Each structure stands twice: as C-alpha cells, then as structure tokens.
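Work through the exercises below with the sequence and the model side by side. Try each task on your own before you read its solution.

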There are 2 protein chains.
Amino acid sequence: MGPKTVKNAAGRLVPLEINGEPVIPFKGIGKHRPQGGKYSPPVPTCSDYPSDGNKVVKSLEVALRKCGLRSGMTISTHHHMRDGDLISNKIFEIASSMGVKNLVWFPSASFPCNDPVIKFLEDGTINRIEGSMNGPLGRFVSEGKMKGTAVLRSHGGRVQAIQDGEVKIDIAVMVAPTADPFGNAKGTGGKSSCGVIGYAKADSMYASRVIIVTDNLIDVPCYPMEIEGNYVDFVVVTDKIGIPEKIVSGTTQVTKSPDRLLIAELTASFLEKSGILRDGITMQAGAGGTSLAIAVFVSEILKNKGWKSKFGFGGSTKYMVEMLEEGQMGYILDAQAFDLDAVKSVENNPEHIPYPVFNAYNYHSKGNLTSMMDIMILGATEVDLNFNGNVVTHSDGYLLHGIGGWQNCLHARNVIIPVPLFRDRIPVIVDEVTTLCGPGELIDVIITERGIAINPLRKDLLKSIKGSGLPVRTIKELKEEAERICGKPQKPQFDEKIVAAIKWVDGTVLDVVRKLKTN
Amino acid sequence: MGPKTVKNAAGRLVPLEINGEPVIPFKGIGKHRPQGGKYSPPVPTCSDYPSDGNKVVKSLEVALRKCGLRSGMTISTHHHMRDGDLISNKIFEIASSMGVKNLVWFPSASFPCNDPVIKFLEDGTINRIEGSMNGPLGRFVSEGKMKGTAVLRSHGGRVQAIQDGEVKIDIAVMVAPTADPFGNAKGTGGKSSCGVIGYAKADSMYASRVIIVTDNLIDVPCYPMEIEGNYVDFVVVTDKIGIPEKIVSGTTQVTKSPDRLLIAELTASFLEKSGILRDGITMQAGAGGTSLAIAVFVSEILKNKGWKSKFGFGGSTKYMVEMLEEGQMGYILDAQAFDLDAVKSVENNPEHIPYPVFNAYNYHSKGNLTSMMDIMILGATEVDLNFNGNVVTHSDGYLLHGIGGWQNCLHARNVIIPVPLFRDRIPVIVDEVTTLCGPGELIDVIITERGIAINPLRKDLLKSIKGSGLPVRTIKELKEEAERICGKPQKPQFDEKIVAAIKWVDGTVLDVVRKLKTN
C-alpha cells in the first residue's frame, strides 16, 4: 500500500506529500511559479560573537554541541573532499554517541567513503539522506531500508531548495582547505587544497548555524572568501580534513575504449558539421572518459580553426586547463575541481575563476549560467523514445547515483548526450526511462556509436546537418538496433513503496523511485 | 505639538513611531536582541529572464518602468560616484515626469551634486530621504521642509536595516564602472573606475528589483563580481555614469594647518607611548586631513621600528596605498576608494581587496571587522563631558552630514577622536552633545591641540601612559579651557517637530534631530 499519488505533467505518478511535508507535482518546463519570499534565517547579532573575531573552538564535537545539535535536525555538508572526505561520517559518529536521532543528512553529494553512514541509518541516528546516493547507499535505499524517503535534487535544485526554505539547514558543517579564525574560507591553500568550494555558498548563507572545519588556519583575511566569516558560528581546526590523493579521484581520464572514442569523434564531428561549434562558443562537458575525449577533439578543431571558446564551466579537469593555457578557452568558471591540474590552475591562474553553483545553476534566480551555454555534453543511464533521460537508476531499477548538475545543464542551447547503444548487453535507449530525470523536450541530440538521433523538435539541427554524411537515424531505429543485438531487457519489478523522490529544478516532483521487489 | 516620545537608555527623548512605522528606542550597547528572521525578498524564477543572459534594456526609464516604478516605492542608490554622481538625480527626474509621488530615497550617502533633488522633495516626488544629507539638503531638513522624517543610519546600520527588512528596497539602481549583460558588476575598469562598489552588495541581495547602470559593458564574465548578476533584473548602458574628476574628491590631502598637525603628532605619540601601537596591529583612519596626517606619522613609526600593520580597512587613500606598497601594511580591505591612487591600487594589487560594508560593518551579523580593529581614528562635530559623540549636527543645530561608518567603527578596541578644541571660535567639547550619535562608553580618547582626555573607563590606558610626559587632562579641563577662550556657546533653539531620527547600529533609535526655530 503506497501513498496517494497523482499524475504530474510528465505523466508520472507522484505523491502530494513526502516525509510528512506537502510537495508540488511537476507542472511542465518553466510552468511552476514560485510564491512568496526566500527563506529567512534567524537574524544574528555581533553581541553573541567574540569581538576579537576568533571563533575557534577545540573540536567538532564542541562546535556541534554549541550549535545545539539535537534530534530531528538537518545537517548539511559539501562534497569537495570527494572520496577523501574525513569529516562527514564523524558528524554522525558524534551525533550517535550523543544519542541524537532522526537527523536529515543533506550533502551536496556522497561518495563511497560515506558508506559507513549506513550504520547510522540503521541505528536511527539518521532518518534519511536528501542528496545523491551511490553504490551500497543506493542499494540500501532501493531495498527500502531507509526510514525516511530520499529526496534527490540537482545541484541547482539543492541550492533552490535551500534558498526557498524547502530545506531548512540547522547546522552546516563546511570543510575548508584554508580558513581564518573569523570563518572566512576558501578552497585553495594548505595540504588539502581542492581548488574551489563552490557548493558551500548557499549552505553558509541560509543555515542557522555554520561550522567551518579546516586543517589550514591562517590569519584574517583568508581571501578570496568563498565562504564569508559573517555567516560562520564556529571554526574547528583538525589534523586532516581529507585524504589528498582521494580528494581528486583518478578516474577523470580520457576513455581508451574504441567504441567510446568513436562516440566522441562522432560528437565532435556533429558539433562541427552542424555549425554549432564556432568561434566564441561556450561549452561544458563532464569529467567522464567520453566527455573528456570530446573536449580533446573539440579543442583540436578550435585550435585548427583559430577559434576560441569564450568560457567553459567546470567541474574542471586538466583538459580544460590545457585549453585555457593554450588559448582555446577564455575563462574557466568553476564550482569544482576534478583533478590536481585543475586545483593548481585555480591557485595560479586569474582566468580560472571560482563560480559557485548558487550563481551557475539556481533556477529560482534572475537567470543562470546554464541557459547561456551553447554546447552541453551530458551522460545518461537511459534515454527513451521521447528523448527523456534518466541518470539516477539503471535499467535494473537500482539507485545508482545522484543527479549532479545534469538537470540544470539541460537548459543549455544544445544538449547532447553521447551514450553507447548498450552497456553490459543492456540497451541504453529504451521505450520509457525507468526514472524520469529530464524531460525529452530539453534533450536535443543522442549520439551513439551506431548513429545520431536528433530530437524532432530541433528541425533546425536536422536541416543543418543534411548532406553532412553523418549517420543520422531516428531514436526508434537506434533502439531497435540495440534490441536486435541484446534482446529486449526485462523490466525491474517494483513494490508500491516510494523510496526516493526526484525533484525538478524548480522544486516540483518529477518522478519517484520505488522499492525493488526482492524475493 | 510633537509626537509621543519616551526616554531611551541614553536618556534621549525619542518617538515610538517614525514615518508611520513602529520603532524601538535604544536599549544600551549590545542590549537589543533581534527577533525573527532576515528579510525575505521575492523568489524569482529563471523563466522570467532571458535565457541568453542578456538583460540590457535601452534606457534607465525603460528599466524603471519594467521594474514597475510607482508612488510610495523605496529606491536605493550607492554613493561610489561621490560628487561625480550623474545617475541618482536622473531617477527622480524620470519619476517626476511619470507623475510618481512619495518615493523614499535610500542612498548610502548623498553629495552636493545631489542638491537638485530638493526640487523633487518640494514637488512631492520624494517623501523623504533615509540617508546622509549635507549642505543645502541638511538645511532643508533642519528647517522642517521635508515631508517625511529623515532616518540617519551608519553604513553598517543601513545594511542591517536592509538585511532585517526594516527598509524594504523596491528598486535598487546601482551604477557600476564595469558590468556584463547578465548584470555581474564591479568597481574597476572603464572610464569611471571607482575601485570598489562595496556599498552595493546588500542592496543587490535584498532589493525586489535591481538595475545596473554602466558605461563600460563587457562580455560575461565580469569578474570579480562585486554585484552578482543573479540578483540583477536589468542592465542599462549609458554614456557616462560619473564625472571622473569628481568621483574622487580632491579633499583627501594631509592637513597643512599647524594646529591640526600638532593634534596628529600628539595622536601618533599617544599611540606609541601608550603601547597601543605595536607590530601586527590593525588600524583604520578616515580620509580627513588630520586622520591622514596621523596615518603618515604612524607609518613613520612602523617603518622605523620595522613593524607592520596586519591590515587596514578602507576608505582607502594614497597614504594607505603607500603603506601597503612599502611594507608597513599587509592588506587593505576596502569598501570605498577615496582617491585615484587607491583606485589604481585596487585595480592592480591583489593585496588590496574589495571588502563590502555588509561584511565589515553589519552589527546583525556573526561578528564583523570593526570589533577586530586595534586602532580607530574618528572625527566628531562635538564630544561632551561623558565622551558622547556627535557627527551629524553642529552646535548651531543644523544637520551637517551623515553618520558614515562612524558608529560601526566605535566598536574597535581603541577609539580615538582627534579634534581641535574649537572650530570658528565654537568649542567642540560641550556639556552635552546636540545630537547623540555614539555613546561615550565606546569612545576612549579625545585628543586636542591642548591636551589629551582619556575616558575614565579606560583605567588601563591612564596607567599605561603615566610618566610619558603626554599632556593628559580631564575632559572637563579641556572643555573649560575652550570656554575660557571662546566663551560658552549659545544653544540652538528647536521646535518640537522631529525632522530626523538617528538609528543605532542595531536598528534602535538613539536620538532625534528637531526642527530649528527660525524667526
């Protein structure tokens, strides 16, 4: 027996209430108009803070106690330490030892290093996670073991939820590679430099209480202030906020797979022949192996033509840094560094600019960066005949990972999804996505190793590549080819129970993930 | 017949209502605890803004109309163009031509170039000014001619009022020397560079509508973003936002008056002999001739001793820039550049850092910069036997100028007011200040050409300079000496009518200015 659901504008059955709070079903792209004002955190007063500006306390536990940590609170963290994060789990260890229950963990993303929080989900310390869940955490949720319902938001949706007060953060615990005693903090410097901490801004502005945890305390002023000390309550100095070699994961390498390289080449060729690629374009590609290969091919074309991309938005990698340094890119605007070359570049290159997610991705803002981007290269676990995309579940129904900036990036002018026709003999193009993360009207082109499908809505693109010799096919043809090779995949069987909600960028509910039937 | 008043904690009679809104009488330093949350401006949505990020409209009038300018609105401006401001008056010309009435003008300061708004005060376009008023504007108010009651706030109090929603800005018109079409804006670059626009941040964050006016439109990204385009509705490109030679007033020169130089020397000597001056101090001095002379003397002492000031907070001048460049100062944190050397320094020196008033001065914040400062050199129009200070009226009762950052700066560790014993044969030290702007418990030392008075609360200072040979006297002795020379000044005669309220840094009402009796 599941909760009462209604069919939203995308035809998905979604509930009207999640975790006891009313929610709004998706109404269509750009159709939901926010009401009322931004969230209004408590007004602080200087009289409660040390006049010498020194907010250092002796441990994270002391800071959490001084923040009044108690059952039912919402605790936020950012993920800039990535798989080298040494602090998030500690928060819940402390909470558990204090007997605190039913917390909501609100990370900007979680990583395998966060799997130990499963025990705090099991013992009731944490009620639910509102944020991305990969691997064992995702499995835990998919099997219906989490007490509360997960809420998955895009990076921009997370910021929107904070700003609009859909999520009220009681305590934000923000690690910072460098900070001063007043709480001004940044992503560069010290032994745990991660380049930028662009996911932390909204949390610091709207949380009731903010704790900075650093292993590199410097004198005032820590500058540039990615986090402003005026929003910070306490500063904790610790030995180590992250494991440096894991802060930057080693996976951000150009693909070596011949199939993926073919997809990348085809994508670059499509960009060139369609006329999308031109001097002065703005472009964003992820850090996956195929995306990086595309970036390399595109960079070659730019170099050969003497063209320059105006700016790129990071997650930044060494490939973007090379484009910046060699003159194929004017600026990198960056919310997150994916590798050490990118970290070094932020430290040294004034044209590699920290640019918070709050500014780049928030849909409840007076415009944002994604809609200004010309070319957006994105991945997907599934796409369907209506060009709808899925990034959180695989065809077996398990929660795989979070939405990241994917939904936000769909607002770019040309959204291109290069994907293999099948993965492990499971087709990527399906009749209907298992979980709807992005409506097809925003997805322009699917590029596979066996052909390119252009969204019929983009008549201009269909026209512009006529006679180009590119292997254009309908999405149906691609799907049928995949099924000829792999067979039609079996659909996963779900229970009624909703284990996760998928929010759209405007805070409405786009879809849900249900508990997997296990027998 | 005046309004009902009560005696506040400073013993001043203040009303419980100003301009039809309830207000809170001053309760004592650090005694007022703010209730509730920060102001909650309307949630915007990207769907209302151009997806290509281009918010340029063809004129200020178009922008104001699109913002829905109408009677009764509150319009904010910043004062970084100083006496070269070409835009503020234009707003009210446009409003007047549209038949709009009863506006509230909420500038961060006004200058003589703004005197033409008197005609808009007279014709009903503007109901009142909440901000500083000098010269003819001050006279206009003092003579009871303004329809509404003026509200004078410190720079930090202005920001506090915005953040807390005491003042709800309908339209912020922010001029910017450089901006991009998305509305990202900064104080450097172009033909009207003013270095920083550190007074504009709170306005842009909390106003319902924000208009950027620039004469130097560049491509995205305009960086560093002192104003973030995510808060901006429209961008107006105009020929000229300011008269460059008047943006930076020529008055910021070291005094040549022998008396003032004596005060400056005595101040530097006091700082040295009292032990306040030491390696690593933080210091702030204004841009007046005496303050600048003090800065020069202090810089000499630092240089001779091989000491360095950790940082200084601007308003910055060429004297601070010299200290920075020659190694007597670590950083300049800066909300406002007072001269062209300072502007150039912000443009070129990474250790000259834009630092908004929002971060430096806001008392309803989790700490601020002023309380961290060791040495604060301030001016005053009057001080009294209880060390109370006045900066807005002169002994003749006329409103002279605004509070600036004066009240905020009173929170520094050592507040020193160097003043002449008399000006134009009118004593500066009086029995009781005409208008109370800062309670005496926050003012530590008064330094005149005829002696130094130390606040009896500062027993430590009295002790530390014992035997120093400095001419220490009681404030009463100084007052009596002034009266021996000049005679006892006649007190101004006031009507009951309140023409201006003086807010304290926490939003409570510290004092009022009454209409002058004119016959």
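Three exercises with worked solutions follow.

This is a predicted model, in which local features need pLDDT of at least 70 and side-chain atom pairs count only at pLDDT 80 or more, while totals for chains, interfaces and linings use all residues. Residues are numbered from 1 along each chain as its sequence is written, and chains are lettered from A and ligands numbered from 1 in the order in which they are written.

**Exercise 1.** Determine whether chain A is as compact as a globular protein of its length.

Solution. Begin with the elements: chain A holds 15 helices and 30 strands, where helices (H or I, at least four residues) and strands (E, at least two) are DSSP runs numbered from the N terminus. Next, take the radius of gyration over C-alpha atoms, and set it against the globule rule, 2.2 Å times the number of residues to the power 0.38. For chain A the radius is 23 Å, close to the 24 Å that the rule gives for 519 residues, so the chain is as compact as a globular protein of that length. Finally, add that buried residues make up 60% of the 519 residues in chain A, a residue being buried if 20 or more other C-beta atoms, placed from the backbone, lie within 10 Å of its own, exposed if 12 or fewer, and partly exposed in between.

**Exercise 2.** Describe how helices α9 and α10 of chain A are arranged.

Solution. First, fit the axes as lines to the C-alpha atoms over the stretch in contact, with angles running from 0 to 180 degrees between N-to-C directions. The axes of α9 (residues 289–305) and α10 (residues 318–326) of chain A come within 9 Å and cross at roughly 15°. Angles under 35 degrees count as roughly parallel, over 145 as roughly antiparallel, 65 to 115 as roughly perpendicular and the rest as oblique; α9(A) and α10(A) are therefore roughly parallel to each other.

**Exercise 3.** Find where Arg82(B) and Phe387(B) lie, and decide whether each is buried or exposed.

Solution. Arg82(B) has a positive phi of about 45° although it is not a glycine, and its place is the loop between β6 (74–77) and α2 (88–97) of chain B. With 20 other C-beta atoms within 10 Å, Arg82(B) is buried. Phe387(B), also not a glycine, has a positive phi of about 65° and lies in the loop between β20 (382–384) and β21 (389–390) of chain B. Phe387(B) is buried, with 26 other C-beta atoms within 10 Å.
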